[in-house]
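Visitor: I would like to go through this model label by label and hear the grounds for each one. Please show it first.

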Amino acid sequence: MGGKLKAVGEIGPGNADATGSRILVFVRLRPMSRKEKEAGSKSCVKILNKKDVDLTDLASENDYLRLKRGRGHHHFCFDASFPDSTTQAEVYSTSTADLVEGVLQGRNGTVFCYGATGAGKTYTMLGTMENPGVMVLAIKDLFSKVRQRSYDGSHSIQLSYLEVYNETVRDLLSPGRPLLLREDKQGIVAAGLTQYRAYSTDEVMKLLQQGNQNRTTEPTRMNETSSRSHAILQVVVEYRYLDGANIVARVGKLSLIDLAGSERALATDQRTQRSLEGANINRSLLALSSCINALVEGKRHIPYRNSKLTQLLKDSLGGACNTVMIANISPSNLSFGETQNTLHWADRAKEIKTKAMTAGNEESYKAPDADADQSKLVLELQKE
Ligand code: ADP
Ligand code: MG
């Protein structure tokens, strides 16, 4: 090319949509497991249509007064509610495909799966070889779209996969010493984290499965991933495409997060929350609930600094980022309390606006300067 690249400023949907959008919240009901059936479980969740969910406390079905006062029934409405027959591809296309399109336009996106242990978070995010989940389908989509659009065939897709366990950050692709978090122009980053350059989707599934095996296990159940481990996959995409006579350079980041089990840690009762805090059950999840509360209530101070997870999610929750939450639930009445808790937080998360916070808030999202924010940098090909 005989042209010269010149920065002409910030344009594009990255800016236009960054303000005023809110977290999109989806609920996914998983099928009843064999274990639950054997334990004589009944289903207490009904997906009424594409959005509405009914939860019934079967324990109070005999309690005429409780039901009469409506205490045993709970109704929720989400951006979409997935019944247990929903395929991985359907979950991906409804919840995440738009975010991936946004990432290709240079707009950061985050998806996090939230729910009790056994509710289907890892199945939704990672999935299996036969039924790959959101992480793999997103990367597959990125590969195919970037290849189609890249103007000179040069592009890069870099992966990093990390874990937050017990307030320690570890690299899942290259396990070793704990990593320190530091703030740079891009936001909060884990220093020394491996950036793995991916060349095909086939290798990605293997890589992620290996990474998942590196997640911390409970000493008592060595084969099972700890229910207190949060796994974060970050995918950075860089490519250039031709827009008329202009070469547009795009950098976008997609974060896909398989959170720790939310049981007990996110009690809706304030008093219980405090006692759990004392017991240091899961500081990161408690901090996440505090941040959600503070964001929903429009507080000036958002306590991102209270945990490693919330520091890493700062841009996703309060910044200019498109964010999706998938709440995973079991149908079993034996998990009623956990399901109620999950749906309560999912309902609350709907109110979070993902936009720049008011000036003067020291914890607020800082708009990156033009140099740092390459995602919004448009390079213009100057004719000589
Ligand atoms: P979590 O990560 O929330 O602890 P998992 O994703 O490991 O839960 O799910 C628990 C079990 O249920 C696993 O055996 C998983 O394969 C199965 N499972 C979860 N969701 C689904 C689903 N939508 N369809 C089929 N099986 C599922
Ligand atoms: Mg899991």
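Visitor: How do the residues of the shell around ligand 1 divide by type?
Guide: This is a predicted model, and in it the shell around ligand 1 holds three nonpolar, eight polar and two charged residues.

Visitor: What makes a residue part of that shell, and which are the closest?
Guide: The cut-off is a C-beta atom, placed from the backbone, within 6 Å of the ligand. Around ligand 1 there are 13 residues, and the closest are Arg30, Gly120, Lys121, Thr122 and Tyr123.

Visitor: Which helix gives the most to the shell?
Guide: Helix H6, residues 121-125, with three residues.

Visitor: Where does UniProt place the feature "binding site"?
Guide: The unreviewed UniProt entry puts it at Gly115, Ala116, Thr117, Gly118, Ala119, Gly120, Lys121 and Thr122. Such an annotation may be inferred rather than shown by experiment.

Visitor: Why is Gly118 called buried?
Guide: Gly118 has 20 other C-beta atoms within 10 Å. The label buried requires 20 or more, so Gly118 is buried. Gly118 sits in the loop between strand S8 (109-114) and H6.

Visitor: Why does Ala119 count as buried, and what does Ala119 touch?
Guide: Ala119 has 25 other C-beta atoms within 10 Å; the cut-off is 20 or more, and Ala119 is therefore buried. Ala119 too is found in the loop between S8 and H6. Apart from residues up to four places away in sequence, Ala119 touches Arg30, Asn328, Ile329 and Ser330.

Visitor: Is Arg182 buried or exposed, and how do you know?
Guide: Arg182 has 10 C-beta neighbours inside 10 Å. A residue with 12 or fewer is exposed, so Arg182 gets that label. Arg182 lies in strand S11, residues 181-184.

Visitor: How do you know what Arg182 touches, and how far is Arg182 from Gln311?
Guide: A contact needs C-beta atoms within 7 Å. With residues up to four places away in sequence set aside, Arg182 touches Val189 and Ala191. Between Arg182 and Gln311 the C-alpha separation is 9.6 Å, and the two are 129 residues apart along the chain.

Visitor: What makes Tyr161 buried?
Guide: The count for Tyr161 is 26 C-beta neighbours inside 10 Å. Buried begins at 20, so Tyr161 counts as buried. Tyr161 belongs to strand S9, residues 155-165. Beyond four places in sequence, Tyr161 is in contact with Leu172, Leu173, Leu208, Gly211, Ala231 and Leu233. Tyr161 and Asp171 are ten residues apart in sequence, with 6.3 Å between their C-alpha atoms.

Visitor: How do you know that S9 and S10 pair?
Guide: Pairing requires at least two bridges found by DSSP. S9 and S10 are joined over four bridges, in the antiparallel sense. Tyr165 stands opposite Thr168 in S10. The two strands form a hairpin with two residues between them.

Visitor: What is unusual in the phi angles of Asn166 and Glu167?
Guide: Most residues other than glycine have a negative phi. Asn166, not a glycine, has a positive phi of about 50°, and Glu167, also not a glycine, has a positive phi of about 65°. Asn166 is found in the loop between S9 and strand S10 (168-171), and so is Glu167.

Visitor: Why are Asn166 and Glu167 called partly exposed?
Guide: Asn166 has 14 C-beta neighbours inside 10 Å, and Glu167 has 14. The buried label needs 20 or more and the exposed label 12 or fewer. The label in between therefore applies to Asn166 and Glu167.

Visitor: Why is Gly252 called buried?
Guide: Gly252 has 24 C-beta neighbours inside 10 Å, and 20 or more makes a residue buried. Gly252 lies in strand S17, residues 246-258. The C-alpha atoms of Gly252 and Ile157 are 9.9 Å apart, with the two positions 95 residues apart in the count along the chain.

Visitor: How many residues are in the largest nonpolar core, and which touch the most other members?
Guide: That core has 81 residues, and Val27, Met135, Ala138, Met325 and Ala346 touch the most other members. Members must be buried and joined through C-beta atoms within 7 Å. Among the contacts of Val27 beyond four places in sequence are Phe78, Phe82, Ile329 and Ala346.

Visitor: What share of the chain counts as buried?
Guide: The share is 41% of the 384 residues. The chain has twelve helices and 20 strands.

Notes: Residues are numbered from 1 along each chain as its sequence is written. Chains are lettered from A and ligands numbered from 1 in the order in which they are written. This is a predicted model: local features need pLDDT of at least 70, side-chain atom pairs count only at pLDDT 80 or more; totals for chains, interfaces and linings use all residues. Ala, Val, Leu, Ile, Met, Phe, Trp, Tyr, Cys and Pro count as nonpolar, Asp, Glu, Lys and Arg as charged, and the others, Gly among them, as polar. Two residues are in contact if their C-beta atoms, placed from the backbone, lie within 7 Å.
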